[in-house]
Amino acid sequence: MDDFLIYSSYIILFISLILYTYSFFRKEKANVFFIIYIVFSFVIQISMEVMYHMRLNNLLLMNTFVIGQMILLGLFYKSLFKIQAQKKVVVWSMILALLIIFIQLYNDPKQIYKFNLFEITICSLLVLIFALMHFYNMLGDNKTYYYFSIGVVAFMLASTVLLLVGNLTHNLSNEFKYLSWRLNAFLVGAFYFSMIVEWKVSFSKTKNLTN
């Protein structure tokens with residue numbers, strides 16, 4: 001069951017990569033930052049899997065992924081925003097977050113090789129805020145990347161809460177921890193599946209989406 005959840009998410013992500021790459025190069029659709037994010041996610045996920053099987057510590061890659069995800073999705077949503085004030089909020093909030101994370105790593109460099117819950121929480125909440133800002137804009141605009149943004153909000157919120165609860169209840173049984181891990185793996189797969197739903201609804205048709 002565990003392998004099924006993990007490898008299913010890889011397959012879903014790979015399918016998304018093929019679909020959006022086709023839309024980007026052949027139909028001149030899809031946001032460039034979105035494409036880069038999918039490529040980045042796939043490369044990091046596969047690299048982490050390889051390192052895991054080689055019995056190497058892959059938490060450095062995980063921390064790299066968390067920060068990179070915040071930056072790329074931040075740039076993605078910034079490119080969708082039309083209000084300059086919102087664009088500035090994205091840029092300055094990411095700069096502030098990176099500064100805070102840098103200070104933490106400067107004071108404790110070993111955190112880069114550990115499960116950094118503080119870093120994950122900051123980065124995930126920022127992406128969640130960006131997605132909610134996009135939802136607000138869609139109230140009076142076209143629903144661009146609507147289904148993917150639903151996936152972002154659901155995944156970032158649920159996954160962050162799950163990690164925080166798991167950290168606060170670290171003294172609970174291993175069965176509970178294992179259940180939390182499996183639930184998070186399911187959330188990852190569901191999040192990647194939202195990319196396919198978005199492509200089916202928005203990109204498999206003839207209408208064009210601006211970069």
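Contact means heavy atoms within 4.5 Å. With that term in hand, let's work through some exercises together. The model is predicted, so local features need pLDDT of at least 70 and side-chain atom pairs count only at pLDDT 80 or more, while totals for chains, interfaces and linings use all residues. Residues are numbered from 1 along each chain as its sequence is written, and side-chain values use heavy atoms, with hydrogens and water left out.

**Exercise 1. Find the helices and strands of the protein.**

Solution. Start with the rule: helices (H or I, at least four residues) and strands (E, at least two) are DSSP runs, numbered from the N terminus. Counting them gives 7 helices and 0 strands. Reading along the sequence then gives the pattern α-α-α-α-α-α-α.

**Exercise 2. Check the span of α4 against its number of residues.**

Solution. The expected span of a helix is 1.5 Å times one less than its number of residues. For the 24 residues of α4, this comes to 34 Å. The end C-alpha atoms of α4 are 35 Å apart, which agrees.

**Exercise 3. Sort residues of α4 and α5 into buried or partly exposed.**

Solution. Buried means under 20% relative accessible area, exposed over 50%, and partly exposed in between (1.4 Å probe, protein chains only). Take Leu-96, which lies in helix α4: because its relative accessible area is 49%, Leu-96 is partly exposed. Next comes Thr-121, in helix α5 (residues 117–137). Thr-121 has a relative accessible area of 17%, so it is buried. Leaving out residues up to four places away in sequence, Thr-121 touches Thr-160 and Leu-164. Back in α4, the buried residues include Val-90, Met-94, Ala-97 and Ile-101. The buried residues of α4 pack against α3 and α5.

**Exercise 4. Explore the largest nonpolar core.**

Solution. A nonpolar core is a set of buried Ala, Val, Leu, Ile, Met, Phe, Trp, Tyr and Cys residues joined through side-chain atoms within 4.5 Å. The largest one has 53 residues, and Tyr-20, Tyr-77, Phe-148 and Met-195 touch the most other members. Two or more residues each come from α1 (2–26), α2 (32–53), α3 (59–80), α4, α5, α6 (146–168) and α7 (174–203). The most, 10 residues, come from α3. Now look at Phe-148: setting aside residues up to four places away in sequence, its contacts include Phe-34, Tyr-37, Tyr-77 and Met-195.

**Exercise 5. State what share of the protein is buried.**

Solution. Of the 211 residues, 44% count as buried.
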